[in-house]
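User: I am in my first year and new to reading protein models. Please take a close look at one part for me: the salt bridges. Then show me the pockets and surface around them.

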Amino acid sequence: MHARDVMTKDVVTVGPETTVGEIAALLVRHRIGAVPVVSSDDRRLLGLVSQTDLVHRSETGTEKRRKWWLEAFADPDAKAREYVRSHGHKAQDVMTRMVISVSESATLAEVADALDTHRIRQVPVVMDGRLAGMISRADLVRALAEVSIAAPAARPDSGALQKAVWDQIKAQPWLQTSYVNMAVKDGVVELWGAVDSDDQRRALRILVEGVPGVKRVEGDVGLMPKVLYT
């Protein structure tokens, strides 16, 4: 799936001349965390105004204040930018101009990576620099909920299934396979042996459960003893 498949197309937007008060009202009314700022003629993405951009405002007495000993050494340009953010009246004054965005053809994995890397909740989707939609973390969760589950394929015989499971296990860089053993019968995989950590043990079970044809996973994989060197 791609960004175009799950993005919200009916996006609430504002223009660069929209006032801060109007933006705040839109965020509250539509229960959204941010609004894109677009040009009126061609919907070119100019910036983004989020709730974070409106937290420190002079109207509510929440503008940033430094301790006096820090104020003396603060960068004058940084203080000027903070003043604009807390006192600016229009979208073009308070918006974030360096906006992280994704293309319509971006995969959902690329979208998720962008959200995680930049620690943001939503990201604009653009086509040729123009706003096409928005994708939030909630949209990715909704896409997961809507994934159709295909009818299970015919279960392979035990030998073929054991080979398929081993192929998946051996492909993992986080697992030492020399201490893992298994037996397969009628789709049931019995595991035993040892791994280095609880995380690896959980991941191993999930890996095996995800191999097509596996009905369930049994057995008890232990933990390798920790060797202390003195």
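Analyst: What follows goes through the salt bridges, then the hollow spaces, then a few surface residues. Keep in mind that this is a predicted model.

Start with the general idea. Side chains of opposite charge can pair when their charged atoms come close. How many salt bridges does a search of the whole structure find? The count is eleven. Let us take some of them one by one.

R137 pairs with D116. Their closest N and O atoms are 3.2 Å apart. Where do the two partners sit? R137 belongs to helix α7, while D116 belongs to helix α6, which covers residues 108-118. The partners are 21 residues apart in sequence, so this salt bridge ties together separate parts of the chain. Now look at their cover. R137 has a relative accessible area of 35%, so it is partly exposed. D116 reaches 48%, and it also counts as partly exposed. The band for that label ends at 50%.

Next comes D199 with R202. Here the closest N and O atoms are 2.5 Å apart. Both residues lie in helix α9, residues 198-209. They are three residues apart, so about one helical turn separates them. Is D199 buried or exposed? Its relative accessibility is 53%, so D199 counts as exposed. The cut-off for that word is over 50%.

A further salt bridge joins the side chains of E218 and R216. The N to O distance is 2.7 Å. E218 is partly exposed at 34% relative accessibility. R216 is partly exposed too, at 41%. Elsewhere, salt bridges with shared partners link D42, R44 and R130 into one network.

Now turn to the hollow spaces. The largest pocket has a volume of about 430 Å³. Its lining is made of 17 residues. Nearest its centre lie L48, S50, T52, I120 and Q122. Two elements give two or more residues to this lining: β2 (45-50) and β4 (122-127). Which of them gives the largest share? That is β4, with three residues. By type, the pocket lining holds eight nonpolar, six polar and three charged residues.

There is a closed space as well. The search of the whole structure finds one cavity of 30 Å³ or more. The volume of the largest cavity is about 40 Å³. Its lining consists of L175, Q176, Y179, A194, V195, D196, Q200 and M224. Sorted by type, that gives five nonpolar, two polar and one charged.

Finish on the surface. M1, L144 and V147 make a nonpolar patch of about 330 Å². V147 sits in the loop between α7 (137-146) and α8 (158-170). With 46% relative accessibility, V147 counts as partly exposed. R137, from the salt bridge with D116, also lies in α7.

One last residue is worth finding. E22 is in helix α2, residues 20-30. It is partly exposed, with a relative accessible area of 44%. Compare its place in the sequence with its place in space. E22 and A91 are 69 residues apart in sequence, yet their C-alpha atoms are 9.5 Å apart.

How values were computed. Residues numbered from 1 in each chain as written. Predicted model: local features only at pLDDT ≥ 70, side-chain atom pairs only at ≥ 80, totals over all residues. Heavy atoms only, no water. 1 Å grid on protein atoms, 1.4 Å probe; cavity = no way out; pocket = protein on both sides within 12 Å on 5 of 7 lines; lining within 4 Å. Points joined across faces, edges and corners; volume = space filled by probe spheres on them. Helix = DSSP H or I, 4+ residues; strand = E, 2+ residues; numbered from the N terminus. Nonpolar A, V, L, I, M, F, W, Y, C, P; charged D, E, K, R; others polar. Patch = residues over 30% accessible without salt bridge, like charges linked within 9 Å, V, L, I, M, F, W, Y side chains within 5 Å. Areas by Shrake-Rupley, 256 points an atom, 1.4 Å probe, with all protein chains shown as cover. Salt bridge = Lys/Arg side-chain N within 4 Å of Asp/Glu carboxyl O. Buried < 20%, exposed > 50% of the residue type's maximum accessible area, 1.4 Å probe, protein only.
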